[in-house]
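Work through the exercises below with the model open. Try each task before reading its solution.

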Amino acid sequence: QPVALKHGAHRVGKRTDADMAKWRSYGLGQFIHWGLYSILEGKYNGKYYNGAAEWIRSWKEVPHAEYDSLYKQFNPENFNPTQWAKMAKQMGVKYVTFTTKHHDGFCLWPSQYTQYTVANSPYKKDIVKQVVDAYTKEGIDVYLYFSVMDWSHPDWRTDLKTKEDSVAFDRFKLFTKNQLTELLKMYPQTKGLWFDGTWDTSWKKSGAFSDSLEQHLKSLIPGLIIGSRLRADEFGNRHNDANGVLMGDYEQGWERKIPKTYADVHGNDWDCVMTIPENGWGYAEKWLGHWKTSYECIEMTTQCVSLGGNFVLNFGPKADGTFRPEEITVAKEMGDWMKVNNAAIYDCEYANCEKQDWGYFTKKQNDDKIYMVVFNVPINGSLKVKLPKNTSIGKASLLQAPSTVLSTEQLDYNASYIQLPKGMKPTSPFVIVIDTKQQSQVETEQK
Ligand SMILES: C[C@@H]1N[C@@H](c2cn(-c3ccccc3)nn2)[C@H](O)[C@@H]1O
């Protein structure tokens with residue numbers, strides 16, 4: 001029996017408008033985390049912080065007053081937003097999500113609601129505007145990351161235990177609404193907002209406010225895209241309301257993890273946001289754990305698109321605005337691959353097939369074309385391909401060499417063998433395009 005909700009989901013199922021269709025077509029995005037934490041580089045007084053570098057203010061070794069005065073040193077002389085946008089263009093990303101304000105509360109735009117902004121740093125200039133303009137000029141859509149949790153604000157509360165807490169948090173909610181309103185008015189090219197820092201009890205108790213805030217923001221920019229991290233319903237449920245319906249235009253639950261099967265995404269639109277190191281979004285001199293290679297990032301991109309989502313890879317520029325060599329390499333190598341194979345990523349969706357030994361299926365939206373993105377070739381050089389029910393392979397060819405038709409043999413009612421050309425020794429992931437035939441066609445031919 002559904003629960004009557006005033007501040008739960010206002011829509012069941014995916015958005016069907018053109019703005020959301022554009023979001024759904026992206027496939028690959030870039031996240032950028034840049035701020036005062038980039039100055040400390042994940043270390044303090046010669047000791048290395050073993051958490052995410054952008055969380056270093058929460059490390060007991062770092063006095064808050066000292067962290068909060070870092071803005072007096074923020075002066076990225078080498079910041080070149082055009083270079084950032086061109087690197088992103090070459091990488092093949094269709095959208096960027098940029099940190100306007102992270103948990104520390106420092107604003108990379110000249111907010112009129114606080115002094116704790118780039119306007120009062122030696123750099124002075126509006127960084128958000130430069131990023132929005134440069135990426136928009138390159139044809140890359142801009143989304144703004146905004147942390148509700150703000151460690152620098154005296155009225156921030158993690159819970160509302162006393163009357164005083166509630167009075168302070170009411171001021172904080174107004175401050176939040178004012179900052180978001182000014183962001184959308186100052187940067188009207190913004191296509192969406194990526195919220196973070198909304199897991200605390202204070203926000204879970206503010207479901208009605210989060211609902212009215214979302215509606216207010218969407219009234220400023222019709223079509224604005226906001227994920228499931230913003231809202232809570234009136235019972236404190238986040239992401240899914242008390243009836244299990246997603247609140248928001250897409251699911252934002254996949255942070256540094258990827259769904260295994262299509263069932264895991266519950267028919268929602270969704271994004272996966274990912275770090276190149278094992279963890280850590282802001283610049284760190286020493287990256288934590290394993291650093292993903294470009295092929296791993298290409299595989300993650302393909303995995304997300306094959307399950308109907310977008311893959312958003314994070315870059316953490318240094319305090320001076322330059323990128324570290326490892327990130328430049330990943331962007332370049334992913335871009336080289338995307339240049340040849342992007343047909344299997346852009347405007348693609350779930351092909352009604354799960355991952356197989358050789359790799360992933362993607363399907364072109366509004367078209368029957370199916371792509372097989374191959375990461376593992378068996379020693380015998382032939383791929384066993386299980387197809388959706390009543391579907392068989394009409395023709396299989398190489399995306400990068402369409403005249404190379406691959407021989408296919410029916411294996412059983414809905415599986416085939418695809419034989420790779422004898423001399424083919426792939427050294428990087430490649431794409432096979434298959435034109436499918438529906439079973440009814442096949443039966444007719446057999447008669
Ligand atoms: C997109 C990423 N989200 C931020 C984050 C994640 N978390 C977090 C909080 C509680 C449990 C696990 C992770 N805290 N902050 C990271 O700092 C980065 O901005």
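**Exercise 1. Find the volume and lining of the second largest cavity.**

Step 1. The second largest cavity holds about 40 Å³ of space. A cavity is a set of points, on a 1 Å grid over the protein atoms alone, where a 1.4 Å probe fits but cannot get out. Points are joined across faces, edges and corners, and the volume is the space filled by probe spheres set on them.

Step 2. Its lining residues (an atom within 4 Å of a point) are Trp-34, Gly-35, Leu-36, Tyr-37, Thr-100, Lys-101, His-102, Asp-104, Phe-106 and Leu-108.

Step 3. Sort this lining by class: five nonpolar, three polar and two charged residues. Here Ala, Val, Leu, Ile, Met, Phe, Trp, Tyr, Cys and Pro count as nonpolar, Asp, Glu, Lys and Arg as charged, and the others, Gly among them, as polar.

A note on the source: this is a predicted model, where local features need pLDDT of at least 70, side-chain atom pairs count only at pLDDT 80 or more, and totals for chains, interfaces and linings use all residues. Residues are numbered from 1 along each chain as its sequence is written, and side-chain values use heavy atoms, with hydrogens and water left out.

**Exercise 2. Describe the largest cavity.**

Step 1. The structure has two cavities of 30 Å³ or more. The largest cavity encloses about 50 Å³.

Step 2. Its lining includes Ile-276, Pro-277, Trp-281, Asn-314, Arg-324 and Glu-327.

Step 3. By class, that lining divides into five nonpolar, four polar and two charged residues.

**Exercise 3. Identify the ligand's surroundings and its polar contacts.**

Step 1. List the residues near the ligand (a heavy atom within 4 Å). Among them are His-33, Glu-54, Trp-55, His-102, His-103, Glu-255 and Trp-281. The shell has five nonpolar, three polar and three charged residues.

Step 2. Look for polar contacts, pairs of N or O atoms within 3.5 Å. The side chain of Trp-55 places an N or O atom 3.0 Å from a ligand nitrogen. For His-103, a polar side-chain atom is 3.0 Å from a nitrogen of the ligand. The Glu-255 side chain has an N or O atom 3.2 Å from a ligand nitrogen.

Step 3. Alone, the ligand exposes 440 Å², and the protein buries 69% of that. The areas come from the Shrake-Rupley method with a 1.4 Å probe.

**Exercise 4. Explain why Cys-297 forms no disulfide.**

Step 1. Apply the rule: a disulfide is a pair of cysteine sulfur atoms within 2.5 Å. The count is zero.

Step 2. The closest cysteine sulfur to that of Cys-297 is in Cys-272, 10 Å away, so it is too far for a bond.

Notes. A residue is near a molecule or strand if one of its heavy atoms lies within 4 Å of it. A polar contact is a pair of N or O atoms within 3.5 Å; within protein, one must be able to donate a hydrogen and the other to accept it, and residues adjacent in sequence count only if both atoms are side-chain atoms. On a 1 Å grid over the protein atoms alone, a cavity is a set of points where a 1.4 Å probe fits but cannot get out, and a pocket is an open set with protein on both sides within 12 Å along at least five of seven lines; lining residues have an atom within 4 Å of a point.
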